[in-house]
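Work through the exercises below with the model open. Try each task before you read its solution.

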Amino acid sequence: MLDVRGISHWYGDRQVLRDVSFTVTGGHLTGFVGANGAGKTTTMRAILGLIRPTQGEVLFEGRPITDTDRTRFGYMPEERGLYPKMKVREQVIYFAQLHGLDKVTAAKRADELLERVGLGERANDNVEALSLGNQQRAQICVSLVHEPEFLILDEPFSGLDPIAVDVVLGVLQEQAARGVPVLFSSHQLDVVERLSDELVIIGDGEIKATGSRVGLQEQHSRGLFRIAIDEDAWLLSRGDVTEVSREGDDLLFRIDADADADTDDTDARGQEILREAVARGPVRRFNHELVRLSTIFKEIR
Ligand SMILES: Nc1ncnc2c1ncn2[C@@H]1O[C@H](COP(=O)(O)OP(=O)(O)OP(=O)(O)O)[C@@H](O)[C@H]1O
């Protein structure tokens, strides 16, 4: 487990991280989400020891992280770091050896990984001959070749086509399943919504929310319903209903929670609305709606 505790950081007199704390555990993928300039890369660099935060610390397996721990990390930087004129396979082997693997083991792992990400046939091409998406697959191999105990990836899915996203996702899920904590950053909220089990949301250098993605979505979905009916003026004229959005024939609406009530009765009021809708005409769709991550992100950032 990796534990980021109370990290604050200043560049000159500008504070870019404020008391950032979160944990990354094995078994699932943790998405690290924030707008441009929110502080994702700076936080990742602090975890990796590439900058020394002004305050706070990072613990790995419960004790302050050391440079030796970090040699067992896998890192995929945002500015990709491959040598354009080197062959893909040689490059993966080279990085494996930098991490202390002998040549035979390095070659075996490189071949397995390149095959796994679909680059087996390109193994002897120079990196510069690969498309950007394929270079990214090669970079994933580099970050995994020494079987890291913690994986940290800056925007691993950006620029990938849907097939490549699935390949990279599969590889990361395998790592998570063998107990490796995996932290990846992204601004593609649709991707994060599909791929991450846990979320860390950062805005303006501060942690805005952490926890399970579904838990966070459920927490923000209270009173949110979708309905498709012919005429909905009656519904929107109710004092406790607000229109959220329209998608084609569907109306998304929120039943405002009663601040004075002890228990949440929005589900019961949803049923009441459904009964009235049925009495008024055909109901083509009605369901409780799970809020999109993009909506939560706008609400809390
Ligand atoms: N070396 C630096 N010197 C001064 N300011 C910096 C430096 N690196 C980053 N910053 C500033 O720190 C803030 C956080 O930047 P950071 O790169 O961590 O954000 P980010 O969330 O990774 O953004 P992006 O999604 O655009 O990569 C930004 O305002 C950025 O301009």
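Two strands count as paired if DSSP finds at least two bridges between them. Keep in mind that this is a predicted model.

**Exercise 1. Strand β3 and its partners**

Task: Find the bridge partner of Phe 32 in β8, then the one in β9.

Solution:
- Start with β8, residues 182-186. β3 and β8 pair in the parallel sense over five bridges.
- In β8, Phe 32 is bridged to Ser 185.
- Move on to β9, residues 198-203. β3 pairs with β9 in the parallel sense too, over four bridges.
- In β9, the partner of Phe 32 is Val 200.

**Exercise 2. The faces of β3**

Task: Decide which residues of β3 are buried on each side.

Solution:
- Take the strand as a whole. β3 spans residues 29-33, and five of its five residues are buried.
- Now split it by face. Leu 29, Gly 31 and Val 33 sit on one side.
- Thr 30 and Phe 32 sit on the other, and both faces are covered.

**Exercise 3. Around the ligand**

Task: Work out which helix gives the largest share of the shell around the ligand.

Solution:
- List the shell. It holds Tyr 11, Val 16, Gly 34, Asn 36, Gly 37, Ala 38, Gly 39, Lys 40, Thr 41, Thr 42 and His 187.
- Match the list to helices. Helix α1, residues 40-48, gives the largest share, with three residues.
- Sort by class. The shell has three nonpolar, seven polar and one charged residues.

**Exercise 4. Two domains**

Task: Describe the side of domain 1 that touches domain 2.

Solution:
- Set the bounds. Domain 1 covers 2-212 and domain 2 covers 220-300.
- Place the domains. Their C-alpha centres lie 39 Å apart.
- Count contacts. Seven residues of domain 1 meet five residues of domain 2.
- Name the elements. α7 (189-195) and β10 (206-212) each give two or more residues to this side of domain 1.
- Rank them. α7 gives the most, with three residues.
- Check the chemistry. This side of domain 1 has five nonpolar, no polar and two charged residues.

**Exercise 5. The cores**

Task: Explain why the largest nonpolar core lies between the domains.

Solution:
- Find the core. It has 61 residues; among those that touch the most other members are Val 92, Leu 113 and Cys 141.
- Ask who contributes. Domain 1 and domain 2 both give residues to this core, so it lies between them.
- Look for another. A separate core of 10 residues includes Phe 225, Phe 253, Ile 255 and Ala 277.

Key
Residues numbered from 1 in each chain as written. Predicted model: local features only at pLDDT ≥ 70, side-chain atom pairs only at ≥ 80, totals over all residues. Domains from an automatic or database assignment. Contact = placed C-beta atoms within 7 Å. Nonpolar A, V, L, I, M, F, W, Y, C, P; charged D, E, K, R; others polar. Near = placed C-beta within 6 Å. Core = buried A, V, L, I, M, F, W, Y, C linked by C-beta atoms within 7 Å. Buried ≥ 20, exposed ≤ 12 C-beta atoms within 10 Å, placed from the backbone.
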